[in-house]
Amino acid sequence: MKIAVVAANGKEGQLVVKEAVKRGHDVTAVVRGENKSEAQHAIIKDLFDLTAADLAGFDVVVDAFGVWAPEDQPQHSTSLKTLCDALSGTDNRLIVVGGAGSLYVDAEHKTQVKDLPTFPEAFIPLANGMGKSLEELRERSDVKWTYISPAADFQAEGARTGSYELAGEEFTANAEGKSFISYADFAIAVVDEAESAKHVGERISVYTK
């Protein structure tokens, strides 16, 4: 497959590239500067300047973009809109590296993780920003998207166990009541979805058993 990874120089982006290259896919890094990933090719361009022509020909585009500062949170919406507009009306699929704060904690889907009093205040702007972009993505019937949320504890330096558990829109913990996954195992889930296309038009979540 031909796969483009946007923000491929980031921690998750580099691991998605590594996983895809290891499986024999033709991977292109979309980066603003020098390509620091293992991708065989690179598009050196700012995400916000990407056009339909830039992304034409890719089977899957993985969006690994993320910003952390509260004042930058609107970029989660504007970056996703840029990618959706570029892919609009095509068969090219979009897989978004999402957040856990928007997962639901009730069967009625009224309360999200970020709404709980125990949710860390420092992460509320990030959770709101990513949650808003997910709601906007749900309105895009012109794009073949999949949004993947990690477990609550998303471990950048966590070990690659080689496996993960798949869940849906609701927050899910393992048998010990813990909700975590490493960036490396999350990358496996992203490439699995790229290969299978089993959850187009859906938000799914992944965690470690």
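**Exercise 1. State how the residues lining the second largest cavity of this predicted model divide by class, and then give the volume and the members of that lining.**

Solution. The lining of the second largest cavity holds six nonpolar residues, three polar residues and no charged residues. The model is a predicted one, and the volume computed for this second largest cavity is about 40 Å³. The residues that line the second largest cavity are L103, P150, A151, F171, T172, S179, S205, V206 and Y207.

**Exercise 2. Find how many cavities of 30 Å³ or more the whole structure contains, and describe the lining of the largest cavity.**

Solution. Begin with the search of the whole structure, which finds two cavities of 30 Å³ or more. The largest cavity encloses about 70 Å³ of space, and its lining is made up of D63, F65, H76, S79, L80, V96, V97, M130, S133 and Y147. Next, assign these residues to elements: those that give two or more residues to the lining of the largest cavity are α3 (74–87), β5 (93–97) and α4. Among the elements, α3 gives the most to this lining, with three residues. Finally, sort the lining of the largest cavity by class, which yields six nonpolar, three polar and one charged.

**Exercise 3. Decide how α3 and α4 are oriented to each other, and list the residues through which they meet.**

Solution. The axes of α3 and α4 cross at roughly 30 degrees and come within 8 Å. Because angles under 35 degrees count as roughly parallel, α3 is roughly parallel to α4. The crossing of these two helices, α3 and α4, is right-handed. On the side of α3, the residues in contact are H76, S77, L80 and C84, and they meet L126, G129, M130, K132, S133, E136 and L137 in α4. By class, the contact of α3 with α4 comprises five nonpolar, four polar and two charged residues.

**Exercise 4. Decide how α1 and α5 are oriented to each other, and describe their contact by residue and by class.**

Solution. Helix α5 spans residues 183–196, and it packs with α1 at an angle of about 55 degrees, the two axes being 8 Å apart. Angles under 35 degrees count as roughly parallel and those from 65 to 115 as roughly perpendicular, and α1 and α5 are therefore oblique to each other. The crossing of α1 and α5 is right-handed. From α1 the contact draws on K11, E12, L15, V16, E19 and A20, while α5 supplies Y183, A184, F186, A187, I188, V190 and V191. Sorted by class, the contact of α1 with α5 has ten nonpolar residues, three charged residues and no polar ones.

**Exercise 5. Describe the largest pocket by its volume, by its lining residues and by the elements that contribute to that lining.**

Solution. The volume of the largest pocket is about 1,000 Å³. In all, 42 residues line the largest pocket, and those that lie nearest its centre are A64, F65, G66, W68 and Y183. The elements that give two or more residues to the lining of the largest pocket are α1 (11–22), β2 (26–31) and α4 (124–138), and α4 gives the most, with four residues. As a last step, the lining of the largest pocket is divided by class into 26 nonpolar, eleven polar and five charged residues.

Notes
Residues are numbered from 1 along each chain as its sequence is written. This is a predicted model: local features need pLDDT of at least 70, side-chain atom pairs count only at pLDDT 80 or more; totals for chains, interfaces and linings use all residues. Side-chain values use heavy atoms; hydrogens and water are left out. On a 1 Å grid over the protein atoms alone, a cavity is a set of points where a 1.4 Å probe fits but cannot get out, and a pocket is an open set with protein on both sides within 12 Å along at least five of seven lines; lining residues have an atom within 4 Å of a point. Grid points are joined across faces, edges and corners, and a volume is the space filled by probe spheres set on the points. Ala, Val, Leu, Ile, Met, Phe, Trp, Tyr, Cys and Pro count as nonpolar, Asp, Glu, Lys and Arg as charged, and the others, Gly among them, as polar. Axes are lines fitted to C-alpha atoms, for helices over the stretch in contact, and angles run from 0 to 180 degrees between N-to-C directions. Angles under 35 degrees count as roughly parallel, over 145 as roughly antiparallel, 65 to 115 as roughly perpendicular and the rest as oblique. A crossing is left-handed if the near helix is turned anticlockwise from the far one by less than a right angle, and right-handed if clockwise. Contact means heavy atoms within 4.5 Å.
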